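Me: I have a structure open and want to learn how to read it, feature by feature. Can we start with a helix and work outwards?

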Amino acid sequence: MIIRANWLGALLKTPQRALVGLSLALAGAASAAPPPPEVSPGFRFPTVPAEHPHARALLANALQYLGPDNRIFDPESGYPFEGWNQDPPKGLFLRSFTQLTAIGQGMEILANVAAGLCDAPFLSRQDALAKLHQQTRSLLKDQADPRLSADGLLGNFLDLATGKRLGPLTGEVEKSKLAAALGAEKAEAAWKALAAKGWITPRKDGQEASVNRTQTYGWSHFDGELQPFRDNETKQKIMDVLDDRVVMTVFVDNANLSSSVARCIGALSRADVRDMPEVVELRQKMEQFLELQRDGYARLYDPAAGQFYFGRDATHNRLFGWNDLEGKWVDGHVDYLVNEFRGPATFIVLRYGLPTDAIKNLGFKLRPYQTVDGKTLNVLAPWEGSAFQGLGFELAMTELDRPSWRRLLEDFVAVEIDYSTRNKLPGFLSESYSGRGLQYTGSIGIPDVTVSPDPRITDAPSLYTIGPAYSVSPAAVESFLAANWTTIDELLTEHGPWEGYRTTTKEPIRFQTSAHTFSLILGLLGTASEHMKSYLASKSLGAALDDLFHPGVTAGLLHDDSSSAFAWDSKDHPIESGRDGAGFFVRSMGIADPGVAVVAKSDEGFDLSGVELRLRYQLKSEASVVKIALKPAKTATNTHSGMIPTEITAELARTGTSEAEVKFQLPATPGLAQVKEVVLTFGPGSKGKPLDLTILSLTAASR
């Protein structure tokens, strides 16, 4: 839509004498364009329109990943392997393990096939149902195995290399366990030798260490410093301690799996399959799996913080976290709204009746992005600028039915398309393999909309987020695919598309992960929200979801009867402020660190959920970058120091005696339902300069 608007705008400004030449150029370009790709017989996608041939061709190729010749499913469990690549000499073992997100996504694809929403010539509806039964049996079995799960939640990785499901190898070791195996004196010597060899990195006064599994790690490498311990009995005892198996219950991986299973139930509740006896049985078993997770999610909720813990090492009975600069352990929480956690976390709150504080206390940032035609889009900023964080693996919580979220997501996709088009990227920048050796990193993203101050990688676009982007803006994404099809076609293989394309070397990034390939498939199918809606309706949770997404109402925030307003600066920089007939003014000959606050008089605050915040102003001094903080009313769970503040970054233009207005679409989220203060602070570039600002109005406009 942006491309079309830019072309039309240019056409309207083109002199008449140039239109004939432009028409000839366009006709030549059209005649030179390659024919659209065709989809092989046997594929059927009723949710993807025929007028989107590139999306259909990409979807058909991605489905090849599930083809029988590619053996992507573990024959014992039915789980999908982590990925395509298996090259042990290079350290690639993607067919040796799986992870929960991929399991759930694979089940969703099979449920779509079983429900008749996706046909592939190599996968019948009955075969899909049989595979779903196998996977569900495995989930229930593993959920009951204390070596693989805790409190009903599975460990985030499952080792499949031996034909049995095993937990992952520990990433840390305690000296006391080595002492129990070898005796105190021998363990002390072995501990020092392991550190010198580089197999462990001691920490915490040397009583714990991280385990480093390099190419010279393991049974065959007891040489050098470890030579004194190379007898088989000692080697066995040391390796048993270092290679202990653990259960790590990560919130987001389990939440991804749970929400996928719920959508499977929704898909299998469609009229043409729901009464089949094998389908009824399958839905019951899936529901049993979900219900048995209840205690695990309750344990991962922190009532003091009003947030979910990031995860728990059940083997060592310790929450995930890190040591701060003082060496003190800090528990990690799910604390930011603009990432892949948002939808799954919302589902877990609804399904298990957990406090909405877990969503309410997620902070976020809005950042401005200027498109190639000069338009400014204020978009939700992912922490690492990654399209994956902005869109998630799927948009499944009916976001596109909510006007505020639809606009924010459409703007985000427009930014992705604009940046990639401008920089000739045949995909979107997102967490992925980078094309630099075996590097997999989250540092791939658009710098303009990144919160993290670290540098971004901008030459490794990947394909998988095209899936959820297509569910947001299908026509725009189809146009993007068509414009880049020559390069994208190079990434298509008999086992689906490669990860992406490194533009600096002009080479495909020859990796494939199941989660990414499945996300591409599911996003292009676009059925997730309807299936989730069906599941929530079956649990009478539709109204609760609507309440989480409720929109605020139109209201003026600067009125005397609803708010107070004041300004400040440091004591050495006097500032003049107050209300007059025009609005609230702030004036100073030279500012240091000033701010302006509009404070709600009501304890309930302003309801800014899903509204468009409009700031109309007059600025007679220089243009200034401002941050607008939206501070919630104080509650028992939003006062801890780890809370990420909700902030908007914007630039106020110099207007002189004229007026200007900036508008910010805010997401519908419970965190904005009770905003006590709207606070403007000024960027460091304003320090020492005059300020003459009048806020004419501050309005919350419902959509």
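Me: Which elements cover the buried residues of α6?

Reply: To read a helix, ask which of its residues are hidden, then what hides them. This is a predicted model. Here the cover over the buried residues of α6 includes β7 (172-174), α7 (184-197) and α8 (232-242).

Me: Which residues of α6 are buried?

Reply: Helix α6 runs over residues 175-182, and K175, L178 and L182 are buried in it. They sit on the same side of α6, because they span an arc of only 60° around the axis.

Me: What follows α6?

Reply: Look at the backbone angles there. G183 comes after α6, and its phi is positive, near 95°.

Me: Now the interior. How do I read a nonpolar core?

Reply: Start from the general idea: in soluble globular proteins, nonpolar side chains tend to be buried together. Then look for the members that touch the most others. In this model the largest nonpolar core has 155 residues, and F251, L608, L630 and V678 touch the most other members.

Me: Which helix gives the most to this core?

Reply: Helix α9, residues 251-267, with 9 residues. Another core lies apart, with 20 residues, among them V173, I200, A209 and Y217.

Me: Which residues is L630 in contact with, beyond its neighbours within four places in sequence?

Reply: L630 contacts L608, L613, T646, I648, L666, L672, V675, E677 and V678. Two of the names, L608 and V678, were also among those that touch the most other core members.

Me: Let me try a charged residue. Is E612 buried or exposed?

Reply: Check the relative accessible area; under 20% is buried. E612 has 4%, so E612 is buried. Its place is in strand β30, residues 612-619.

Me: What polar contacts does the side chain of E612 make?

Reply: Look for polar partners of a hidden side chain. One is the side chain of R407, at 2.5 Å. Another is the side chain of R614, at 2.6 Å. Leaving out residues up to four places away in sequence, E612 touches R407, K663, F664, Q665, T699, A700, A701 and R703.

Me: And T98, buried or exposed?

Reply: T98 has a relative accessible area of 0%, so T98 is buried. Strand β3 holds T98. A polar atom of the T98 side chain lies 2.5 Å from the backbone oxygen of P80.

Me: Which residue 61 places along the chain has its C-alpha atom 6.7 Å from that of T98?

Reply: Compare separation in sequence with separation in space. The residue is D159. Beyond four places in sequence, T98 touches Y79, P80, F81, E82, I103, N156, F157, L158 and L160.

Me: Next, the empty space. How many cavities of 30 Å³ or more does the structure hold?

Reply: It holds 8. The largest has a volume of about 210 Å³. Its lining counts 19 residues, and N256, E340, P344, F393 and E394 are the closest to its centre. Elements giving two or more residues to that lining are α4 (100-114), α9 and α12 (342-352). Helix α9 gives the most, with 4 residues.

Me: What is the volume of the largest pocket?

Reply: About 1,400 Å³. Read a pocket as you read a cavity: volume, then lining. The pocket is lined by 43 residues, and E82, F93, L94, F97 and F157 lie nearest its centre. The elements giving two or more residues to this lining are β2 (92-93), β3 (97-99), β6 (157-159), α9 and α18 (514-525).

Definitions and conventions. Residues are numbered from 1 along each chain as its sequence is written. This is a predicted model: local features need pLDDT of at least 70, side-chain atom pairs count only at pLDDT 80 or more; totals for chains, interfaces and linings use all residues. Side-chain values use heavy atoms; hydrogens and water are left out. A nonpolar core is a set of buried Ala, Val, Leu, Ile, Met, Phe, Trp, Tyr and Cys residues joined through side-chain atoms within 4.5 Å. Buried means under 20% relative accessible area, exposed over 50%, partly exposed in between (1.4 Å probe, protein chains only). Contact means heavy atoms within 4.5 Å. A polar contact is a pair of N or O atoms within 3.5 Å; within protein, one must be able to donate a hydrogen and the other to accept it, and residues adjacent in sequence count only if both atoms are side-chain atoms. The arc is that of the directions from the helix axis to the C-beta atoms. On a 1 Å grid over the protein atoms alone, a cavity is a set of points where a 1.4 Å probe fits but cannot get out, and a pocket is an open set with protein on both sides within 12 Å along at least five of seven lines; lining residues have an atom within 4 Å of a point. Grid points are joined across faces, edges and corners, and a volume is the space filled by probe spheres set on the points.
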